[in-house]
Amino acid sequence: MVDTIKGKNIVLGVCGGIAAYKSVELLRLLVKREARVRVIMTANAEYFVGPMTFEALSQQRVCRTLFETSDEAAVQHIHWAQQAQGVVIAPATANIIGKLANGIADDALSTFMLAITCPVLICPAMNSNMFASKPVQRNLKTLKEFGYTVLDPDAGELACGTTGPGRLPDPPVIMVAISALLAPKDFHGRNVLITAGPTREAIDPVRFISNPSTGKMGYAIARAAAMRGAAVTLISGPTSLTPPLNVKTIQVTSAAEMAAAVLAEVDQQDVIIKTAAVADFRPVKAANLKIKKDQAQLSIALERTQDILKTVGQRKKKQIVVGFAAETHELDSFASQKLTAKNLDMIVGNLIGSTEAGFGADTNRATFYFKDGTREPVDLMSKEDLAHLLLDRIASLGKRITTKGRRK
Ligand code: CTP
């Protein structure tokens with residue numbers, strides 16, 4: 001999937017709040033991602049930031065009022081509304097939230113908002129008591145019912161000296177919300193299960209067998225699938241990553257725990273993607289107490305863990321099942337063997353060992369192998385982009401399966 005922001009006509013509405021300074025940075029980030037941004041400011045916003053700043057960054061006239069005949073932007077607002085592919089209001093004050101919830105059109109921004117048909121992101125920012133007040137909460141509920149997306153404010157110290165929810169999230173966080181807003185919702189109504197990270201197999205309470213997986217690839221797929229409208233369940237081994245927004249995340253430690261969590265979820269899923277680096281062996285018996293080194297045996301008896309993906313492959317009915325294969329050599333032959341042995345629809349092969357692909361890297365170079373014997377080498381790209389490309393391929397597999405009549 002292409003960048004959902006690049007080339008889009010986005011209107012940024014700026015209201016009068018101390019957080020208006022952050023919308024300057026937001027505009028800069030949008031322009032950097034090659035969006036065509038037009039800014040509409042309320043009269044109060046100008047107490048905080050001057051229109052010149054927005055005009056310089058967007059290279060477009062800022063729309064400030066409907067009635068200045070000399071202001072070309074003013075007469076253009078209906079035209080802008082027709083062209084807008086996404087609108088973000090940041091910061092959104094209690095005033096604009098109230099006006100939008102009630103259809104009041106008494107300035108350029110509120111009038112423009114009644115004329116648009118594109119997706120809208122509202123980023124409230126205000127004093128925490130105002131935010132919690134009944135009218136604001138009722139109005140936000142109404143906006144959600146209208147189909148607007150509301151980005152919850154951060155909690156923290158506010159400009160007015162109080163502490164609580166009400167702070168405008170940082171611009172990179174708003175950018176993620178805008179990407180999600182503009183992403184195609186081609187996974188809407190689909191349940192997607194993703195496993196990620198390593199597992200740990202205990203030797204004793206302070207020692208374990210594991211591997212260097214960081215979970216980045218699986219978390220990127222979870223974020224991408226949620227962005228594209230899927231109901232995502234992420235089953236994660238121990239990682240240092242933040243659980244993605246709008247994703248049901250289940251934390252596990254061992255392969256046995258991961259197997260139990262996956263098998264409890266698998267029948268409700270439409271797509272299962274197993275990026276986890278599951279340990280293949282575990283100690284036959286984990287010691288209850290720390291093993292003292294002068295009493296330790298120098299060998300550990302191991303047994304095989306359950307091959308979770310193979311079990312899922314055997315059990316699957318209508319689901320699309322996707323595996324990952326990390327190999328140091330002979331990628332084509334090992335990946336293809338795993339595809340068949342585990343009854344998969346697709347497997348993503350990685351040659352590990354370089355700094356740009358594999359464990360811990362932010363980028364990945366992969367090859368997709370499909371059930372029909374075809375393969376598709378993929379260029380080096382970010383794990384985020386690879387996640388979207390993988391979902392594109394899964395979406396087409398889903399269509400092919402639907403045409404064959406296996407799926408409803
Ligand atoms: N996998 C699994 N359960 C296991 C081992 C692996 O579900 N006990 C899954 C992984 O999540 C991955 C795929 O199987 O999607 C391939 O994992 P990999 O470690 O590359 O292969 P193995 O089957 O373990 O084979 P080998 O270690 O011999 O390469």
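Which domains does the domain assignment give for this protein? There are two entries: domain 1 covers 9-182, and domain 2 covers 191-404. Before going further, please keep in mind that this is a predicted model. As for how the domains are placed, the C-alpha centres of domain 1 and domain 2 are 40 Å apart.

Now the ligand. The space it takes is the largest pocket. Two elements each give two or more residues to the shell around the ligand, namely α12, residues 308-315, and β16, residues 320-327. Of the elements, β16 gives the most, with 4 residues.

How many residues surround the ligand? The number is 15, and the closest are Lys274, Ala276, Leu309, Lys338 and Lys342. By character, the shell divides into 7 nonpolar, 3 polar and 5 charged residues.

Next, some individual contacts. Two of them go to the backbone. At Lys274, a polar backbone atom is 2.7 Å from an oxygen atom of the ligand. At Ala276, a polar backbone atom also has a ligand oxygen at 2.7 Å. With Lys338 the partner is in the side chain: an N or O atom there is 2.8 Å from an oxygen atom of the ligand.

And how much of the ligand does the protein bury? Taken alone, the ligand exposes 560 Å², and 77% of that is buried by the protein.

Let me finish with two points of backbone geometry, away from the ligand contacts I listed. As background, most residues other than glycine have a negative phi, and most peptide bonds are trans.

Which residues does the cis peptide bond join? They are Ala90 and Pro91, with omega at about -5°. Pro91 belongs to strand β3, which runs over residues 86-92.

The other point is Glu34. Its phi is near 65°, a positive value in a residue that is not glycine. Where is Glu34 placed? Glu34 is in the loop between α1, residues 20-32, and β2, residues 36-41.

If you have the structure open, Lys274, Ala276 and Lys338 are the residues whose ligand contacts I described, and Ala90, Pro91 and Glu34 are the ones for the backbone.

Key: Residues are numbered from 1 along each chain as its sequence is written. This is a predicted model: local features need pLDDT of at least 70, side-chain atom pairs count only at pLDDT 80 or more; totals for chains, interfaces and linings use all residues. Side-chain values use heavy atoms; hydrogens and water are left out. A residue is near a molecule or strand if one of its heavy atoms lies within 4 Å of it. A polar contact is a pair of N or O atoms within 3.5 Å; within protein, one must be able to donate a hydrogen and the other to accept it, and residues adjacent in sequence count only if both atoms are side-chain atoms. Accessible areas come from the Shrake-Rupley method with a 1.4 Å probe; for residues, only the protein chains shown count as cover. On a 1 Å grid over the protein atoms alone, a cavity is a set of points where a 1.4 Å probe fits but cannot get out, and a pocket is an open set with protein on both sides within 12 Å along at least five of seven lines; lining residues have an atom within 4 Å of a point. A molecule sits in a cavity or pocket if more than half of its atoms lie within 2 Å of its grid points. Ala, Val, Leu, Ile, Met, Phe, Trp, Tyr, Cys and Pro count as nonpolar, Asp, Glu, Lys and Arg as charged, and the others, Gly among them, as polar. Domain bounds come from an automatic or database domain assignment.
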